[in-house]
Amino acid sequence: MEIYHPAEMLSRDEIAALQCQRLRETVRQARNSRFYRQRLDDAGVSPESIQSLDDLARIPPTAKQDLRDSYPDGMVAVPQERLVRLHASSGTTGAATVIYHTREDIRTWAELMARCMFMAGVRPWDVFQNTSGYGLFTGGLGIHYGAEALGCLTIPSGPGNTRRQLKLIRDFGVTVLHIIPSYALYLGDALAAEGLDPAALSPRIALIGAEPHSEEVRRRIESLLGLKAYNSYGLSEMNGPGVAFECQCQDGMHLWEDAFIAEILDPETGQPVPEGEVGELVMTCLTRTGMPILRYKTRDLTRFVPGLCACGRPHRRIDRIKGRADDMLIIKGVNIYPMQVEQALMALPEVGQNYQIILTHDGRMDQLTVQVELREDFFQEDMRALTGLQKKIAGILRDEILVTPRVELVQANTLPRTEGKAVRVLDKRGDA
Ligand code: ADP
Ligand code: K
Ligand code: ZN
């Protein structure tokens, strides 16, 4: 097996020793910020008091609200002249938060990103098209710098304009795409509509991430685009993309433990969940100097995949993100994650590439409506067949989520689409 960086093969003991040393340095560095000096003093945490990884638990967690409260620069830990870049989270769940980077931070991040891409099989001779939005969002420049660090000819296409995306792919023989899953599905349909054979197209790898998606969606992307799709996880607070990535085994995402400490905690108690169980991913960035963040509560729900990966890299793997804690819907008293709906829908051949979940309240109780795009050839069916299909989908969803939804079948490409992360849920229960 080829590796990009020797750190990929560190043993568990070596990883632990490095984490402890870097945690101490990070605590020292973080104390240069107004926010952490106060926070760590209050908790009685000094760099010298970090003697082993057990001392991590003495550091109070950092919440998204802490970043909002210290906006714009309360967590900056270096003089302004050392800062070279600012990013903001895409604000999926509220006000944006800002992250600052020094020149070294940008370099470390690009190297982590390149390591991830190499692990998924990307090489310097690849032609790489990045369809993420450039701008404050980290999926643009973050991925771009990684691809360049690896040595790929990098095309910053940005999102949207599918015809132009396809032209770039064909004109320059693009071999690797970075694309969010919802757009990859759409692009796949667009190929089919143009009568293009996916097997004849040049891309062999897609890096997909930035939004939760099911295994069913990955398989669809692979067959629609005729390539291998690798899950890619990251968040602005931990730089952005490049935190955890699938290797070629496609069995969980290796999280780079020389650069991050990951914990999976019970969101209620803040205590570690038993090994292999689902909880909230809490992360500490061990390399950032401009704006270190300690024990960040990501709100992302996942678990550590037990055991060693067949590829031999000792870095632990996290499972596909189940959703955000904030994504959980409570409908008629039942807890539901949108991913459960997606998984059930996308397993059906009749279902097209887009769906939407709508919640309303009729004065007495919650009503769940699922709008489902049908594949073109199925939409041609007669009324009786469509009614049968509608019943079938409602039944499958009820078995999965224990609530019977109202199912509306719509034509392909009629549900609203966004250029960035897909908006799957419309909660109108608060509306009059
Ligand atoms: P925002 O929190 O506003 O979306 P970011 O751009 O920092 O801002 O997005 C990071 C978040 O995106 C993660 O916390 C996670 O919820 C989601 N995400 C990123 N990559 C993946 C992935 N591969 N699978 C599922 N969710 C992901
Ligand atoms: K090159
Ligand atoms: Zn592996």
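## Around ligand 1

In this predicted model, 21 residues surround ligand 1. Five of them come nearest: Ser89, Thr92, Gly209, Ser236 and Ile321. Sorted by class, the shell holds twelve polar, six nonpolar and three charged residues.

Which strand gives the largest share of this shell? Strand 7 does, with five residues. Strand 7 covers residues 228-235. Strand 12, residues 296-302, also supplies at least two residues of the shell.

## The nine-stranded sheet

Strand 7 belongs to an open sheet of nine strands. Read across, the order is 4-3-5-6-7-8-9-14-13. The pairing is mixed. Strand 4 (153-155) and strand 13 (304-305) stand at the edges. Each has a single partner strand, so one side of each has no neighbour in the sheet.

Now look at strand 9 (residues 253-255) and strand 14 (residues 317-318). They run antiparallel, and two bridges join them. His254 stands opposite Arg317 of strand 14. A helix also packs on this sheet: helix 8, residues 215-225. Helix 8 touches strand 6 (205-209) and strand 7. The direction of helix 8 makes about 130° with that of strand 7.

## Helix 7

Helix 7 spans residues 181-193, which is 13 residues. From its first C-alpha to its last, helix 7 reaches 19 Å. That is close to the 18 Å expected at 1.5 Å a residue.

Which residues of helix 7 are buried? They are Pro181, Ser182, Tyr183, Ala184, Leu185, Tyr186 and Leu187. These buried residues pack against helix 6 (162-172) and helix 8. They also pack against strand 6 and strand 18 (351-361). Just after helix 7 comes Gly195, with a positive phi of about 70°.

## The four-stranded sheet

Strand 12 sits in another open sheet, this one of four strands. The order is 10-11-12-15, and the pairing is antiparallel. Which strands stand at the edges? Strand 10 (260-265) and strand 15 (323-324) do. Each has a single partner strand, so one side of each is left without a neighbour in the sheet.

Strand 12 and strand 15 are joined by two bridges and run antiparallel. One residue pair can be named here: Asp300 has Arg324, in strand 15, as its bridge partner. Strand 12 also links back to the ligand, since at least two of its residues lie in the shell around ligand 1.

Definitions and conventions:
Residues are numbered from 1 along each chain as its sequence is written. Chains are lettered from A and ligands numbered from 1 in the order in which they are written. This is a predicted model: local features need pLDDT of at least 70, side-chain atom pairs count only at pLDDT 80 or more; totals for chains, interfaces and linings use all residues. A residue is near a molecule or strand if its C-beta atom, placed from the backbone, lies within 6 Å of it. Ala, Val, Leu, Ile, Met, Phe, Trp, Tyr, Cys and Pro count as nonpolar, Asp, Glu, Lys and Arg as charged, and the others, Gly among them, as polar. Two strands pair if DSSP finds at least two bridges between them. Two residues are in contact if their C-beta atoms, placed from the backbone, lie within 7 Å. Axes are lines fitted to C-alpha atoms, for helices over the stretch in contact, and angles run from 0 to 180 degrees between N-to-C directions. The expected span of a helix is 1.5 Å times one less than its number of residues. A residue is buried if 20 or more other C-beta atoms lie within 10 Å of its own, exposed if 12 or fewer, and partly exposed in between; C-beta atoms are placed from the backbone.
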